[in-house]
Structure formats: C-alpha cells, structure tokens
Amino acid sequence: MRLSRYFLPVLKEDPKEAQIVSHRLMLRAGMIKQQSAGIYSWLPLGFKVLRRIEQIVHEEQIRAGHIPLLMPTLQSADLWRESGRYDDYGEEMLRIKDRHKRDLLYGPTNEEMITDIFRSHVNSYKDLPLTLYHIQWKFRDEIRPRFGVMRGREFLMKDGYNFDLTKEDALHAYNRHLVSYLRSYERMGLQAIPMRADGGPIGGDYTHEFLVLAETGESEVFYDSQITDLTFGDRQIDYDDHAECQAVLEEFTSRYARTDETHDEAIFADVPEDRRRTARGIEVGQIFYFGTKYSEPLGATVVGPDGARVPVHMGSHGIGVSRLLGAIIEANHDDKGIIWPEGVTPFHVGIVNLKQGDASTDSACTALYDEMVKNGLQPLYDDRDERAGAKFATMDLIGLPWRITVGPRGLASNKVELTNRRSGETVEMSPAEAVVRLADIYAPVLAAALPTV
Ligand code: 5CA
C-alpha cells in the first residue's frame with residue numbers, strides 16, 4: 001500500500017477523552033473513531049489489525065477441530081424467555097421492538113441461539129462431540145463504557161459452544177479451548193494467564209479467565225510469579241488426545257492464579273512470599289463448563305447409547321477480539337507510539353523514501369516494494385512529499401515492527417537501512433538482503449496461517 005493513496009487520519013494532538021495509552025494511541029494512529037459512547041468505526045488501519053486477530057482466532061479454532069458458523073446479531077426474546085435469562089440479564093441487554101411489536105434483543109452472547117440450532121438438527125450421541133463457534137458483534141449496554149475498545153458497548157467476540165454426551169467429554173472440550181487459547185494469544189505476541197474466575201451471568205463454577213498483566217487492567221489479580229515463566233511455544237499437540245490436553249491444563253493452572261472474585265488469602269499464603277504477586281490484568285478471554293444449564297430448559301437432548309434421551313453437557317468459550325487490540329497495545333508501546341508484534345502488525349514493514357521525487361530513489365523504493373510483495377510481504381510505502389522527520393514519526397506512531405529507510409546517499413553504495421521499531425537498532429544492507437532478511441523474519445508468521453472459512 002502506498003501511503004499517499006491510503007486513508008490514515010493520524011492526529012497530531014493527544015485526544016482529551018483518552019484516559020489510557022492504548023485508547024490514546026488507537027485514536028492518534030487513526031485506527032478508530034468513536035461514533036457514540038462505547039461504539040466505534042474501525043478505520044482502515046484498525047480494521048486491518050482487527051482482521052489479523054480474527055484470522056489467528058479462526059485458524060487456532062479450526063486447528064482444534066472447532067467449526068465456524070455465523071449467527072445474527074439480533075435475537076428473538078422468546079428464546080431467552082425459555083432459558084429464563086430474558087429478565088435476569090437486566091439493563092445490560094439492549095431490547096428492541098420490531099414493527100410487529102415483537103421483542104428482539106441485540107445479542108450479548110449466544111448460548112440460547114446455539115442451543116436452539118443444536119436441538120433443531122442433532123438427535124443422536126453419534127453426532128457428538130461437536131463444537132461450533134462464530135466471531136460476531138455483541139452488544140452490552142455497559143454502565144461505564146470506557147478505555148476505547150477495551151470496554152465497549154458494541155464489541156467483537158469469538159464465542160464457541162461445545163456439545164458433549166458426558167461431563168468427561170465436555171471437560172476435554174474445555175481443555176481443548178484452553179490449549180487453543182494459549183496458542184492464539186502467543187501468536188499475537190501476548191502472554192495471557194489462565195486464572196480461576198467466577199461464572200457471572202453465563203453461569204457454571206468451572207471457569208477460567210485469561211488475563212494479560214497491565215497496570216491499566218480492570219481486574220485485580222493474585223498469582224504465583226512462577227506462572228509467568230510458562231510458555232506454550234511451538235509444541236505440537238493432538239487435540240483428540242484427552243491426556244495430552246489435560247496435562248497442558250494442569251501445567252498452566254496448577255500454580256496459584258486467581259481474579260479478585262475467587263481470590264482466597266488462606267490458600268495464597270501457601271505460595272512462598274517472594275513469589276506472591278498482586279497486579280492488574282486485562283481479561284481477554286474466558287472459558288466455561290456449565291453442564292446442562294441451557295440444554296435442560298431448552299430441551300437440547302440426544303438419544304444416548306442405551307436409547308434414552310439425555311441433555312447434552314455444554315460449555316461456552318469467549319475471546320474478546322476487539323478488546324485484544326487495546327490489550328496488545330497496552331503491552332507493546334513506547335513514548336513514540338505502538339510497537340506491533342509481528343503476528344498482528346497491519347503491515348509487515350514500512351518503506352520510508354527520504355527524497356521523494358528523486359527519480360533513482362523513487363525507483364529503488366518501487367523495486368523494493370515489488371520484491372517484498374513477490375515474497376508474500378505487505379509493505380506500507382511512505383511516498384508522501386514530507387520531511388523525513390514527519391515520515392519517521394508516523395511510522396513510529398503506527399508501530400510497524402520494521403522500517404526500511406531509502407535515500408540517495410545510501411543508494412550510491414547500494415545500501416538501505418533496516419530499523420527495528422522495538423530496539424531502535426539499525427543495520428545497513430543492500431535492498432536485496434533486506435528483502436531476504438524480512439522474508440526470513442516473517443516466515444514463521446506466514447507459515448502459521450491455515451486456510452480458514
Ligand atoms: N458466552 C461467554 C463465552 S462465549 C461469554 O460471553 N463470555 S464473556 O462474558 O466472558 O465474554 C468473553 C470475552 O469478551 C471477555 O473475556 C472479554 O475479553 C470480552 N468482552 C466482554 N465484555 C466486553 C466489552 N464490554 N467490551 C469489549 N470486550 C468485552
């Protein structure tokens with residue numbers, strides 16, 4: 001993409017309404033625009049990152065054997081009356097009447113609807129296990145929408161629902177989700193720690209939240225510092241292997257890590273004092289096992305192996321897709337702006353032309369751009385007629401992990417500069433070497449991609 005043809009409305013001044021750094025940087029980098037409290041337009045740069053995150057979520061869900069579909073945002077109130085949650089959900093639910101005076105609602109979550117789909121089409125235990133998920137906009141009329149996309153009213157969530165014959169199978173589905181979430185967050189450059197949590201309005205007492213440690217997090221968390229040494233890495237896992245998935249759950253949840261809702265001082269006191277930590281965290285996902293809470297009232301049953309109908313065991317599993325942009329920025333920025341992890345960056349590399357209009361510099365930049373595209377990379381080429389300082393400031397603000405600076409002086413000896421956004425380190429090399437270097441750096445990111453929906 002050429003910057004002169006893109007739409008990147010960066011702001012020079014700090015917006016007053018932003019209280020936390022991720023919100024400020026998303027507005028300044030022209031990623032989002034607030035339309036009303038807690039409701040945002042996703043401008044091109046923000047939309048690109050949102051799509052990257054969605055893509056990783058899709059890939060890891062599909063890798064785990066979960067099946068994508070798409071349910072609508074508007075739901076019939078009748079379904080929620082069946083589960084008993086229509087009244088329970090309270091003011092957070094946006095209720096709407098259509099022209100026939102029928103009650104609708106903008107879905108805050110989809111347990112009822114997915115259970116309705118299931119009961120309409122699945123009849124036998126032989127069709128289990130089944131996990132269906134979608135990535136869809138939700139609406140929760142939060143009393144205090146704040147911090148930009150972190151606590152929105154309209155927000156994008158991946159929500160998945162497992163249907164199993166037995167509790168044991170449903171707990172395996174829970175474990176599968178835990179593993180797939182660990183992989184997803186790591187691919188986004190984040191460490192998200194599973195912590196024992198509370199079921200809230202979804203229900204169930206078997207639940208973990210995934211938290212990214214950050215001072216601006218809304219949750220208070222308590223943990224054993226050893227947990228921050230764990231990484232999933234690139235180990236291979238067989239998602240059908242119950243024991244293997246259970247072992248990952250045990251590895252990642254055996255040390256003390258709880259949110260304030262479930263924190264227990266007496267148990268925490270058993271953690272050696274030098275490892276006890278109290279901090280703040282951003283909740284980027286939550287998994288639940290709730291048994292037959294929805295399948296019983298909604299009649300989601302299957303014929304079991306002995307011929308009798310039994311309600312299925314269910315769980316639901318959410319990732320805060322739009323919130324993740326804020327969480328990633330909270331964990332990856334400096335005074336100059338955002339520093340995207342390579343897995344989610346909107347463009348892989350920025351090309352800065354130091355002498356726009358100079359024929360040989362322009363053609364070197366174009367040649368570099370074309371070579372990168374041929375190698376599967378997505379560059380953003382700053383071809384505007386601007387001072388070098390302004391171009392560098394824009395690149396730093398929008399946070400591409402790598403920058404190539406091209407000027408007549410370097411080109412005289414066939415050199416360009418490759419700069420790392422995080423470390424600031426700059427190395428000189430030929431344009432051809434820069435392409436090879438970047439193709440190498442991004443090879444794992446590009447290879448991780450799976451075909452999706
Ligand atoms: N049905 C279950 C799981 S599918 C569910 O709704 N879980 S949840 O309530 O925990 O939401 C899942 C994730 O959505 C949360 O972990 C959080 O990351 C994100 N989320 C929840 N509320 C908001 C909000 N107001 N703004 C942005 N993200 C949110």
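This passage walks through a predicted model, starting with the annotated domain and moving on to the ligand and two details of the backbone.

The UniProt record, an unreviewed entry, lists residues 38-341 as "domain: Aminoacyl-transfer RNA synthetases class-II family profile". Over that stretch, helix and strand are evenly matched, with 31% of the chain in each. The C-alpha atoms at the two ends of residues 38-341 are 26 Å apart.

Next comes the ligand. It is the largest pocket that holds the ligand, and β8 (154-164), β13 (276-291) and β16 (313-320) are the elements that each give two or more residues to the shell around it. Of these contributions, the one from β13 is the largest share, at 5 residues. In total, 22 residues surround the ligand, and those that come nearest are Thr109, Glu111, Arg140, Gly152 and Glu283. As for chemical character, the shell is a real mix: 7 of its residues are nonpolar, 8 are polar and 7 are charged.

A few polar pairings can be picked out one by one. Gln286 brings a side-chain N or O atom to 3.2 Å from an oxygen atom of the ligand. Met150 takes part through its backbone instead, with an N or O atom there lying 3.4 Å from a ligand nitrogen atom. With Arg323 the side chain is involved again, and one of its polar atoms is 3.5 Å from a nitrogen atom of the ligand. How much of the ligand does the protein bury? On its own the ligand would expose 600 Å², and 96% of that is buried by the protein.

Away from the ligand, two spots in the backbone deserve a look. One is the peptide bond between Leu128 and Pro129, which is cis, with omega at about 0°. Pro129 belongs to the loop that runs between α5 (111-121) and β7 (130-139). The other spot is Lys101, a residue other than glycine that nonetheless has a positive phi, near 65°. Lys101 is also placed in a loop, this one between β5 (94-97) and β6 (103-106).

Terms used: Residues are numbered from 1 along each chain as its sequence is written. This is a predicted model: local features need pLDDT of at least 70, side-chain atom pairs count only at pLDDT 80 or more; totals for chains, interfaces and linings use all residues. Side-chain values use heavy atoms; hydrogens and water are left out. A residue is near a molecule or strand if one of its heavy atoms lies within 4 Å of it. A polar contact is a pair of N or O atoms within 3.5 Å; within protein, one must be able to donate a hydrogen and the other to accept it, and residues adjacent in sequence count only if both atoms are side-chain atoms. Accessible areas come from the Shrake-Rupley method with a 1.4 Å probe; for residues, only the protein chains shown count as cover. On a 1 Å grid over the protein atoms alone, a cavity is a set of points where a 1.4 Å probe fits but cannot get out, and a pocket is an open set with protein on both sides within 12 Å along at least five of seven lines; lining residues have an atom within 4 Å of a point. A molecule sits in a cavity or pocket if more than half of its atoms lie within 2 Å of its grid points. Helices (H or I, at least four residues) and strands (E, at least two) are DSSP runs, numbered from the N terminus. Ala, Val, Leu, Ile, Met, Phe, Trp, Tyr, Cys and Pro count as nonpolar, Asp, Glu, Lys and Arg as charged, and the others, Gly among them, as polar. UniProt positions are given in the numbering used here, feature names are shortened, and annotations may be inferred rather than shown by experiment.
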